[in-house]
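Welcome, and thanks for pulling up a chair. Please have a look at the sequence and the model below before reading on.

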Amino acid sequence: MNDLLGRLLGPAEPQLDCDECFAHLDRYVELELAGEDADTAVVGMHAHLEGCPACAEEHESLLELAGGLRR
Amino acid sequence: MASVALEYFPATVSPVTVSSVLDPETRAWIDDLRAGREEAVERLHALLVRGARYELGRRRSQLAALRIHDVDDLAVQTADDACIAVLKRLEDFRGESRFTTWVYKFAILQASTAVRRLAWRGRELPQEDETWERLHAPGGPELAAERNELLDEVRDAIRDRLTPHQRRVLLALAVDGVPIDVLAERLSTTRNALYKTLHDARRTLRGAVTERGTT
C-alpha cells in the first residue's frame, strides 16, 4: 500500500475507522503478541492499518512497547 | 464488487465484563484510580511519561529541531493530555488487555500526534494545482504500462467523480503525504471524520475503475 495507486485506492476489504481502531488496538496488539489470530478476532483492523498510515505507526509503536514489557 | 463489502465493518468484540477478567494488578489500578487516590494518579502519569518518551524516542529524527530537554518537556505535556484522556475514559476499559497496554496507547496517540504537528508547524498545505502537477508527472519506466493506464483512469475519476472536499482530502493525504492529524487540525475537523471522507473517496475511485473494466 506504499505506492501511489495503493494510497489512492486504499484497501478494498471491510475495515474499521480510526476511532474503532483506537478502541480495539490494545486487545489486537496483545493477541498478536500472544501468537493468536488477531485478524480474526478484530475484523477490519488489518485493512484499516493498511489504509491509515497514522494508525499503522501507532500500532507499530504499541506492539514494540507492549512487547518490550513481556521480555 | 458489492458495495456492502466496502462499508465500515464493526469489529467483532466478545461481550466481557470487567470483573470477570481482570488480573490482580489491573484490578488494583482500576480500584485505586476510581477511588481517586492521588498516588495512583501519579503512578499513572509516570507510566504515561514513559510511554510518551518511548514514542518520542522512536521519532527523534522528526524532532531534530528540538533540544533534549524540550523533548522531555514534550513527553510530560503529552503525558498530561493522555492522563486526562485515560481518567475520562476509565469506565470504557473492558479488561480485554493489560491495563498498562491500554494506558500506553493513549500516550502513543498523544505523542505521535504532537510529533506530526510539530513536523508540519509553519508549513503550508500544498495547493491543489501543485498536487495535480505531481499526479500527472510521468510514472517513469518502473511503472508498467497497465499501471499507467490505471493511474490515468484514477486521475479522471478524482477529477470527475469526487466532491471538492473529497478531492482535497484525498490529494492531501494520499499524494502529498500530509499527516491526517495535521490535516484535521488545519481543516478544523477530526481524524476520524477525515478518514471517513478518505474511505468514501477511495470507494468512489474503486467503483469508477471497476465500471471501466480496468480491475
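What follows is a short briefing on chain B, its contact with chain A, and a few residues to look up in the viewer. Please keep in mind that this is a predicted model.

**Chain B overall**

- Chain B has 10 helices and 0 strands, so its pattern along the sequence reads α-α-α-α-α-α-α-α-α-α.
- Of the 215 residues in chain B, 30% are buried.
- Among contacts in chain B with a separation of 6 or more, 75% join residues that are 24 or more positions apart.
- The domain assignment splits chain B into domain 1 (18-119) and domain 2 (128-211).
- Taken over C-alpha atoms, the centres of domain 1 and domain 2 of chain B are 34 Å apart.

**The nonpolar core**

- The largest nonpolar core contains 63 residues.
- Leu48(B), Ala52(B), Val103(B), Ala107(B), Leu170(B), Leu173(B) and Leu183(B) have the most contacts inside this core.
- Helix α5 (residues 99-119) of chain B gives the core its largest share, 11 residues.
- Both domains of chain B take part, as domain 1 (18-119) and domain 2 (128-211) each supply at least three residues to this core.
- As general background, nonpolar side chains tend to be buried together in soluble globular proteins.

**Where α8 meets α10 in chain B**

- The axes of helix α8 (residues 164-175) of chain B and α10(B) come within 9 Å and cross at roughly 100°.
- Because of that crossing angle, α8(B) counts as roughly perpendicular to α10(B).
- From α8(B), the contact uses His165(B), Gln166(B), Val169(B), Leu170(B) and Leu173(B).
- From α10(B), the contact uses Leu194(B), Thr197(B), Leu198(B), Asp200(B) and Ala201(B).
- Sorted by class, the residues in this contact are 6 nonpolar, 3 polar and 1 charged.
- Leu170(B) is a good residue to select here: leaving aside neighbours within four places in sequence, Leu170(B) is in contact with Ile158(B), Leu162(B), Leu198(B) and Ala201(B), and also with Leu8(A).

**The contact between the chains**

- Chain A brings 34 residues to the contact, and chain B brings 40 residues.
- On the side of chain A that touches chain B, α1 (4-9), α2 (18-33) and α5 (53-70) of chain A each supply at least two residues.
- Which helix gives the most to that side of chain A? α2(A) does, with 10 residues.
- By class, the side of chain A that touches chain B has 20 nonpolar, 5 polar and 9 charged residues.

**Two buried residues that touch chain A**

- Arg202(B) lies in helix α10 (residues 191-211) of chain B.
- Is Arg202(B) buried or exposed? Arg202(B) counts as buried, because 22 C-beta neighbours lie inside 10 Å.
- Setting aside neighbours within four places in sequence, Arg202(B) is in contact with Leu9(A) and Gly10(A).
- Ala174(B) is found in helix α8 of chain B, where 25 C-beta neighbours inside 10 Å make Ala174(B) buried.
- Not counting residues up to four places away in sequence, Ala174(B) touches Arg7(A) and Leu8(A).
- For a sense of distance within chain B, the C-alpha atoms of Ala174(B) and Asp80(B) are separated by 32 Å, with their positions 94 residues apart along the chain.

**Exposed residues to look up**

- Ser188(B) sits in the loop between α9 (180-186) and α10 of chain B.
- Ser188(B) has a positive phi of about 55° although it is not a glycine. Most residues other than glycine have a negative phi.
- With 6 C-beta neighbours inside 10 Å, Ser188(B) counts as exposed.
- Gly122(B) has its place in the loop between α5 and α6 (128-135) of chain B, and Gly122(B) is exposed, with 5 other C-beta atoms within 10 Å.
- Glu130(B) lies in helix α6 of chain B.
- Why does Glu130(B) count as exposed? Glu130(B) has 12 C-beta neighbours inside 10 Å, and a residue is exposed if that number is 12 or fewer.
- Glu130(B) and Asp81(B) are 49 residues apart in sequence and 36 Å apart in space, C-alpha to C-alpha.

Terms used: Residues are numbered from 1 along each chain as its sequence is written. Chains are lettered from A and ligands numbered from 1 in the order in which they are written. This is a predicted model: local features need pLDDT of at least 70, side-chain atom pairs count only at pLDDT 80 or more; totals for chains, interfaces and linings use all residues. Two residues are in contact if their C-beta atoms, placed from the backbone, lie within 7 Å. Helices (H or I, at least four residues) and strands (E, at least two) are DSSP runs, numbered from the N terminus. Ala, Val, Leu, Ile, Met, Phe, Trp, Tyr, Cys and Pro count as nonpolar, Asp, Glu, Lys and Arg as charged, and the others, Gly among them, as polar. A residue is buried if 20 or more other C-beta atoms lie within 10 Å of its own, exposed if 12 or fewer, and partly exposed in between; C-beta atoms are placed from the backbone. Domain bounds come from an automatic or database domain assignment. A nonpolar core is a set of buried Ala, Val, Leu, Ile, Met, Phe, Trp, Tyr and Cys residues joined through C-beta atoms within 7 Å. Axes are lines fitted to C-alpha atoms, for helices over the stretch in contact, and angles run from 0 to 180 degrees between N-to-C directions. Angles under 35 degrees count as roughly parallel, over 145 as roughly antiparallel, 65 to 115 as roughly perpendicular and the rest as oblique.
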